[in-house]
Structures are given as C-alpha cells and as structure tokens.
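Here are my comments on the model. They cover the internal spaces first and the metal site after that.

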Amino acid sequence: MDTATLESPRQAVRPNSQRYATCIEASKRVRWDIDRDVIRGRRFDFGKKFLPDALSKVTELAFLKPAEMRFLSQIQGRTYTNIFGLVERYIGAKTLEISRDYWFGDQVALEALVRFTDEELKHQEMFRRLEKMTAEGMPAGYAFRPQPNDVARAVLSKSTWAVLGLTLDIELFTQAHYRSSIEPDADLSELWKDVFLFHWKEESQHAVMDELEWRREDARLTGAERDRGVDELIELVGAIDGILRMQSASDADYFLLRAGRSFAPVEESAIRDLLLKAYRWQYIVSGVHEPRFAEVLKALVTPAQMERIGKALAPILAHAA
Ligand SMILES: [Fe+2]
Ligand SMILES: [Fe+2]
C-alpha cells in the first residue's frame, strides 16, 4: 500500500520531525535508572555541602562558621531537589496535554513527548526518594511548604504560551546550574552532585522540545492572545516569587532553630534576606540571564512587551543581582 495515501498533506509537512528524532536518540542514549545508576546504594555525605556556593551564596554571610555554612547549603540543597519535584508535576502534565496534538499526526514528535513525560515522572520519584534520604540525615523540623498539585493547578490555569515560556526558562537554568556551578565544585556531596549530573543529561532534550513547542504555540496565536500570554507569564513569575518567599522564610526558621546557637537580630535578618535572594537567583534570575531564553523570548514578543516583562522583573533582578 502506498503510505502517502494514509496521511493528509498537512500531516506530511513535519519540519520539526528530525529535531524530535534527535531528542529520542539522545534520550535513549543517556537513559538512566534511579538505583542502578544514580543512588547505587549510597547515602548523602553530611560532612560536605550540597548546593555549591555560587548558587547558595552562603559565603556572603561572613559571620557564619564553616559548619553553619555547610548546614545552610544542605538546607538549600534539600529545597532545591524539592523545587524540581514540584515543578515537574506541572511540566509532566503539560507535556502530556501537548502530546494530544500529535496523536494522529507526527508519531516521532509524539514518542519524544511521551519519553519527556516519562522522564519527568522518574525525576519526581527520584526527588521523593532523596527527600526521605535527606530527612534521615538532618535534624527534624524542615518543611517543604508548597504542594505540587496546588501549584500545578494554578500554573496550568494559564495559557499554554505562558506555561511553555516558564518551562523553557526552568529547563534552561537546570542545565546552566549544573554546567557552571555544580560540576566544577569538588567539595559537594558526591551523591548530591551525581543526582544533578544525571538529571542534566535528560533535561538537555527537554529544553529543545520546550522551545519547539513554545514556537509552535506562538505561531497559532493572535496578537491579542500573545499579549495576554505576556501578562500571564509575568503572573507566573510573580507566583514563583511568592513560593520562594514562603519557602525561604520556612528554611530560615529551620536553620535558626537547628543552628545550635543564637544570632543577633541583624544577623537573623541577614540570613532571611540571603535565603530569599539566593532562591530568587536560583529559580528566577539565573534563568532570565540565560542567553538562549532571552533570544527566544525576544523573537516572540514585541519590544513593548519585552519592556513590560523587564519592568515587572526589575525589583527581583535588583535584589538577586
Ligand atoms: Fe526533570
Ligand atoms: Fe525536564
């Protein structure tokens, strides 16, 4: 049978098929197992830092002793894994939703998006396992405040354009953090470092697909719809900032409770401010500074919309610079 007769001419035009095929190939090549490849029967080394100084910014608190800096880095590292588990809930759901467009079309793109979703489900399982392992080695009292399903519902109530913009930002900074800060730091817990080596390997393909899908969604929109998308992207960043305020306050309370000594009021407020600043750097500002993100965003929005985004982000950028 002539296969050409099985598909409509519209479906036959698949400019991105090769790029999705490359993602599948890479996904198969790097695929890993939580126990066999990442954990390998190991435990965290609590004698070492988790999050590198370049991300945790703990060395800015010169009044902290080295062991206190290490503890603060471990608290931030614990929150870092939990934040990924959190955002992957909505990312997985959105990717599944988008895959619907390919059910009866490009089967290569469909496979790539299904693998993407499967990987995010595996990452969430890994981060849940790591939270349990971290809890065993750290004093009681830590709490991760935001709820994955509540956050996912709130994020997914926004337009696909806005959600994909946020997702590309997250998946680009994930890679940037590993390459520029985690990989070069020789003093981190080896297991913690390996977690983000393996995570990075699979995230590289995700960012490629986010960009393809964001551009595809963008091409379908009217100017008014895109303008609304810009507002929603700003709202999403504001919601992320709200989560960071809540979690940084909770992590500061935990540190102050378990640091083993009391601090002067001025030091306490410096710890609180440092945590919010570090979290804003990790989850918002470092992504915005990623050249690829800025490049794609600039290609999709008007100069006036870009200025609107810049104005909305300015206070956060100024605090976390
Ligand atoms: Fe992930
Ligand atoms: Fe991802």
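**Notes on cavities, a pocket and the iron site**

1. The second largest cavity has a volume of about 80 Å³. A cavity here is a set of points, on a 1 Å grid over the protein atoms alone, where a 1.4 Å probe fits but cannot get out. Grid points are joined across faces, edges and corners, and a volume is the space filled by probe spheres set on the points. This is a predicted model: local features need pLDDT of at least 70, side-chain atom pairs count only at pLDDT 80 or more, and totals for chains, interfaces and linings use all residues. Residues are numbered from 1 along each chain as its sequence is written, chains are lettered from A and ligands numbered from 1 in the order in which they are written, and side-chain values use heavy atoms, with hydrogens and water left out.

2. What lines this second largest cavity? Its lining residues (an atom within 4 Å of a point) are Ile91, Lys94, Thr95, Ile98, Leu113, Phe116, Leu164, Thr167, Met209, Asp210 and Glu213. By class they are six nonpolar, two polar and three charged. The classes are: Ala, Val, Leu, Ile, Met, Phe, Trp, Tyr, Cys and Pro nonpolar; Asp, Glu, Lys and Arg charged; the others, Gly among them, polar.

3. At least two lining residues each come from H5, helix H6 (107-137), H8 and helix H9 (190-220). H5 gives the most, with four residues. Helices are DSSP runs (H or I, at least four residues), numbered from the N terminus.

4. The whole structure holds three cavities of 30 Å³ or more. The largest has a volume of about 110 Å³. Helix H5 (66-99), helix H8 (160-182) and helix H10 (223-258) are the elements giving two or more residues to its lining. H8 has the largest share, four residues. The lining counts ten nonpolar, no polar and one charged residues. Asp169 is part of this lining, as are Phe173 and Tyr283.

5. The second largest pocket has a volume of about 270 Å³. A pocket is an open set of points with protein on both sides within 12 Å along at least five of seven lines. Its lining has 19 residues, and Val288, Phe293, Leu297, Ile309 and Leu313 lie nearest the centre. H13 gives the most, six residues. The class count is 16 nonpolar, two polar and one charged.

6. Now the metals. The iron ion (ligand 1) is coordinated by Glu88 (OE), Glu120 (OE), His123 (ND1), His199 (NE2) and Glu203 (OE), at 2.0 to 2.3 Å. Donors are N, O and S atoms within 2.8 Å of the metal (3.2 Å for Na, K and Ca); water is not among the atoms, so sites may look incomplete. Along the chain the spacing is E-x31-E-x2-H-x75-H-x3-E. His199 and Glu203 are about one helical turn apart because they are four residues apart in helix H9. His199 and Glu203 are buried (under 20% relative accessible area, 1.4 Å probe, protein chains only).

7. For the iron ion (ligand 2), the protein donors are Glu120 (OE), Glu171 (OE), Glu203 (OE), Glu203 (OE) and His206 (ND1), at 1.8 to 2.4 Å. Their spacing reads E-x50-E-x31-E-x2-H. Glu120 in helix H6 and Glu171 in helix H8 are 51 residues apart, a pair linking distant parts of the chain. Glu120 and Glu171 are buried.

8. How far apart are the iron ion (ligand 1) and the iron ion (ligand 2)? They are 3.5 Å apart, and Glu120 coordinates both.

Definitions and conventions. Buried < 20%, exposed > 50% of the residue type's maximum accessible area, 1.4 Å probe, protein only.
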